[in-house]
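Got your viewer open? Let's take a walk through this model together, one selection at a time.

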Amino acid sequence: MKEKLKWVHNQLDNTNHGSPLLSYFTLEQVKKVGQFQRTYERFEQTPLHHLEALASYMGVEKIIVKDESYRFGLNAFKVLGGIYAIAQYIANKLGRNIKELSFEQLKSPEVKAKVGDLTFISTTDGNHGRGVAWAARELGFQARIYMPAGSAAERLQHIKSEGAFAEITTMNYDDTVRYTSQLAQENGWVLVQDTMWDGYEEIPLWIMQGYTTIVQEIVEQIQLAPTHVFLQAGVGSFAGAVVAFLQQYYEQEVTFVLVEPHVANCYYESFKKNTDQFVSVGGEMQTIMAGLACGEPNPQAWQILKASTKISISCEEEIAATGMRVLGNPLDTDTRIIAGESGAAPFGCFYEIMTNEQYKELKNALHLNEHARVLFINTEGDTDKENYRQIVWHGKYANQ
Ligand SMILES: Cc1ncc(COP(=O)(O)O)c(C=O)c1O
């Protein structure tokens, strides 16, 4: 029988929090990102909920959930990265500072005349590609989006309905990334990928910066700093961006916990190996946590996360399913949160740690007690509605 949770303490020398990348995630940088994103006329802050009844039931001070399923009406946070990276790319082409540009200006015929017809290309499990397709359409450009084998038809359809060319390949995520990178080079298309490699650094960093609007909103929406933040990781760009900002913003130390599915646990394996260099995992990576099905860490995110993660957790499929069910069925007056598979995984881990005696040691190691204020970010809603219903209504992946 597979273990529900596996975990490893980060034992790397983390005295040096000073990755040069942190300078991209200061309050000043983060404000610049938010300022541009708010120029979009229908921009709205996403809600943040305090689940008080659940916190009291679980024996912690606070359970806080930032709900990114409301972001831009796209049911996931990812668009924040794609739109900012595309905007920065166009700003650079124009030789302008993004601080002086608005969404409306980028749409204008004058801009089009200067930058020409651009095609943006990307690989996605669904959410990132939908964001890129949305941003390209909104700004009047083309998008081509490729998905790994096994991707949900509903997610493909969402991308197509943004007017993009989109298809599901026969490759896994990491091989599809290599394929799109090659297509971009051959055709002069602009690759908007959320992971970096040598010679491809700028755009992934802009994507990470784009995500920081979430944490900028969070620090404004809460009064007391969280003591713990549980973060889901695919390539780790999202978690890296959140950690890079929060650790600089708060004076007090925050405990960061990373969560991945067993089949794509490259951060867990890297922390287990305990060397400065990360490791990758391969294979098919079939998981309901589609957004987390990435076997190769983003090296930029690794730089940040290896210095700041306290514990890295790898989890079984049913953990995410439990998280979806609990968040979708609130206690007393708590708010109902519709969390998709990747969105609910960190909460599912927390729930298991708090309720399963087997993980008492982990609970103690993390000091998850009545003083804990635990923050989660629901990174997606029911982006695969059929699977959501199977899990929440029909008990698919129920606890054994
Ligand atoms: C819903 C959701 N949550 C989390 C992630 C993880 O983000 P990252 O790949 O940057 O670690 C993704 C990635 O696609 C996602 O779609």
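**First stop: Ile-90**

Select Ile-90 and show what surrounds it: leaving aside neighbours within four places in sequence, Ile-90 is in contact with Leu-106, Val-111 and Val-115. Two residues are in contact here if their C-beta atoms, placed from the backbone, lie within 7 Å. Before going on, know that this is a predicted model, where local features need pLDDT of at least 70, side-chain atom pairs count only at pLDDT 80 or more, and totals for chains, interfaces and linings use all residues. Residues are numbered from 1 along each chain as its sequence is written.

Ile-90 sits in helix α3, residues 79-94. Helices (H or I, at least four residues) and strands (E, at least two) are DSSP runs, numbered from the N terminus. Is Ile-90 buried or exposed? It counts as buried, because it has 22 C-beta neighbours inside 10 Å. The rule: buried means 20 or more other C-beta atoms within 10 Å of a residue's own, exposed means 12 or fewer, and partly exposed is in between, with C-beta atoms placed from the backbone. Now try a distance: the C-alpha atoms of Ile-90 and Ser-23 are separated by 22 Å, and these two are 67 residues apart along the chain.

**Next: Phe-36**

Click on Phe-36, which has its place in helix α1. Phe-36 counts as buried because 23 C-beta neighbours lie inside 10 Å. Which residues does Phe-36 contact, leaving aside its neighbours within four places in sequence? Look for Tyr-84, Ala-87, Ile-98 and Leu-101. Then draw a line to Gln-88: it is 52 residues away along the chain from Phe-36, and their C-alpha atoms are separated by 9.8 Å.

**Colour the two domains**

Give one colour to domain 1 (5-76 + 208-392) and another to domain 2 (79-203); the bounds come from an automatic or database domain assignment. Their C-alpha centres lie 24 Å apart. Where they meet, 36 residues of domain 1 are in contact with 30 residues of domain 2. On the domain 1 side, the elements giving two or more residues are α1 (27-37), α9 (202-221), α12 (299-308) and α16 (385-392). Highlight α9, as it has the largest share of that side, six residues.

**Into the core**

Select Leu-231, Val-242 and Val-259: of the 126 residues in the largest nonpolar core, these touch the most other members. A nonpolar core is a set of buried Ala, Val, Leu, Ile, Met, Phe, Trp, Tyr and Cys residues joined through C-beta atoms within 7 Å. This core draws at least three residues from each of the two domains. Leaving aside neighbours within four places in sequence, Val-242 is in contact with Val-215, Val-229 and Leu-231.

**Around the ligand**

Now for the ligand: 21 residues surround it, and the closest are Gly-234, Ser-237, Gly-291, Thr-379 and Glu-380. A residue is near it if its C-beta atom, placed from the backbone, lies within 6 Å. Which helix gives the largest share of this shell? Pick out α10, with three residues. Both domains take part, each with at least three residues.

**Zoom out**

Finally, show the whole chain, with its 16 helices and 11 strands. Of its 400 residues, 55% count as buried. Along its principal axes, the C-alpha trace spans about 65 × 45 × 45 Å.
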